[in-house]
Amino acid sequence: DTFAGKSRFDKWRVELYPGAFTTLRMLTTPVIESNKLIYVVQVASPLTSTDNAIDNLSFLLFVLLPLTVVITGFAGAFLAKVALNPVHEMIKTINLIKAENLKLRLTLPPSRDEIHELAVTFNEMLNRLEDSFTSQQQFMQDISHELKTPLAILKGELEVTLKRIRTSAEYTTVLESSLEEVNRIARMVENLLTLARFDTKTIALEIELLDLEDFISHVVEDIRGLALLKNIAITHIVPPGSFLKADRAQLRRLLLNLLDNAIKYTNTNGNITVKVSTDKSFTLIRVTDSGIGIPDVELPHIFDRFYRVEKSRQGSGYGLGLSISKSIVEAHKGTISALTTPDHGTSFVITLPKE
């Protein structure tokens, strides 16, 4: 009746011999037959190994675990410092980079990981920044140089005029000359403003479908009078049904720039041809003249701002026309290139996407 047919566990503290105690875990199970308790089975096992395991676990939890965390923390901090040392070196170098020493570059870490890729990317950005700063400095030097001449002419003419009383005709001559220089400066500033607007992409193209045969015919007629002054023949070849989506005003400016250059550097009785060819994706416009040509050494620079070929240095231009032409073409997502033979002429090839 005491066990009610159920097994149970008990703990007993037993003295194995005088002064030596141990704890036992005892299982007591009754054996019942015909609802009568026949006998009781008791099995006991010492808890020494269990107690030792708990003591060891307590030692691990309260002593070794904190020690392990501390050691792991120091090891992690050391490894992190070693791993991030290239980043610290990059930061030191970056802090040294200024406008005066843009040639400074990050040292690439030996590992081929994200940090190495970051250093490569940063160096590429520095290359672009250096090119931009160099271009800007050269631009400022060029514009200062180009403005110096007309301003010096203006200053000289006015100073000479003011030295004594002049006749009405002399004043008129000086004013006309001064006005000419002012107009040249105004044209240069206007061209610079146009280039700046293209650089900052603030010019919104007004795209429309152009009939190139009609469009180029009108452009050629507009400039034919200038060509006749040198007895230069201008012809245009445009296949019927040639259409192009472009900004009418900007494309007209592009062609007028190229034709004006062609007239300027083509000898008397020369020839200029505007030829259009198309395929499924692109329209090619080729402006060819029989002029003085461009030396091979100067060909890579003709689209640079304020750059003028040595043979044309005495001309009245400022070396901005081709820069503007290139900006117009690039705004239309096209390309422009030049092919030339010195003393035999130059051909400018414009490639524009149809869509």
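Helix H4 (residues 212-228) and helix H5 (residues 248-264) pass each other with their axes within 10 Å, crossing at roughly 40 degrees. Helices here are DSSP runs of H or I with at least four residues, strands are runs of E with at least two, and both are numbered from the N terminus. The axes are lines fitted to C-alpha atoms, for helices over the stretch in contact, with angles from 0 to 180 degrees between N-to-C directions. The crossing angle makes H4 oblique to H5; angles under 35 degrees count as roughly parallel, over 145 as roughly antiparallel, 65 to 115 as roughly perpendicular, and the rest as oblique. The model is a predicted one, in which local features need pLDDT of at least 70 and side-chain atom pairs count only at pLDDT 80 or more, while totals for chains, interfaces and linings use all residues. Residues are numbered from 1 along each chain as its sequence is written, and side-chain values use heavy atoms, leaving out hydrogens and water.

The H4 and H5 crossing is right-handed, meaning that the near helix is turned clockwise from the far one by less than a right angle, whereas anticlockwise would be left-handed. On the H4 side, the residues in contact (heavy atoms within 4.5 Å) include Phe 215, Ile 216 and Asp 222, and those they meet in H5 include Leu 255, Leu 259 and Asp 260. Sorted by type, this contact has 12 nonpolar, no polar and 4 charged residues. Ala, Val, Leu, Ile, Met, Phe, Trp, Tyr, Cys and Pro count as nonpolar, Asp, Glu, Lys and Arg as charged, and the others, Gly among them, as polar.

A second helix pair is H3 (residues 168-199) with H6 (residues 321-331), whose axes come within 10 Å and cross at roughly 30 degrees. That angle makes H3 roughly parallel to H6, and the crossing is left-handed. Asn 191, Thr 194, Leu 195 and Phe 198 of H3 touch Ser 323, Ile 324, Ser 327, Ile 328 and Ala 331 of H6. The tally is 5 nonpolar, 4 polar and no charged.

Several residues of H6 are buried (under 20% relative accessible area with a 1.4 Å probe, protein chains only; over 50% is exposed, and in between is partly exposed), among them Leu 322, Ser 325 and Val 329. Their cover includes H3, H5 and strands S9 (335-341) and S10 (345-353).

As for strands, S5 (residues 233-237) pairs in the parallel sense with S7 (residues 271-278) over 5 bridges, pairing being at least two DSSP bridges. His 236 has Val 274 as its bridge partner in S7. S7 also runs antiparallel to S8 (residues 282-289), joined by 7 bridges, and the two form a hairpin with 3 residues between them.
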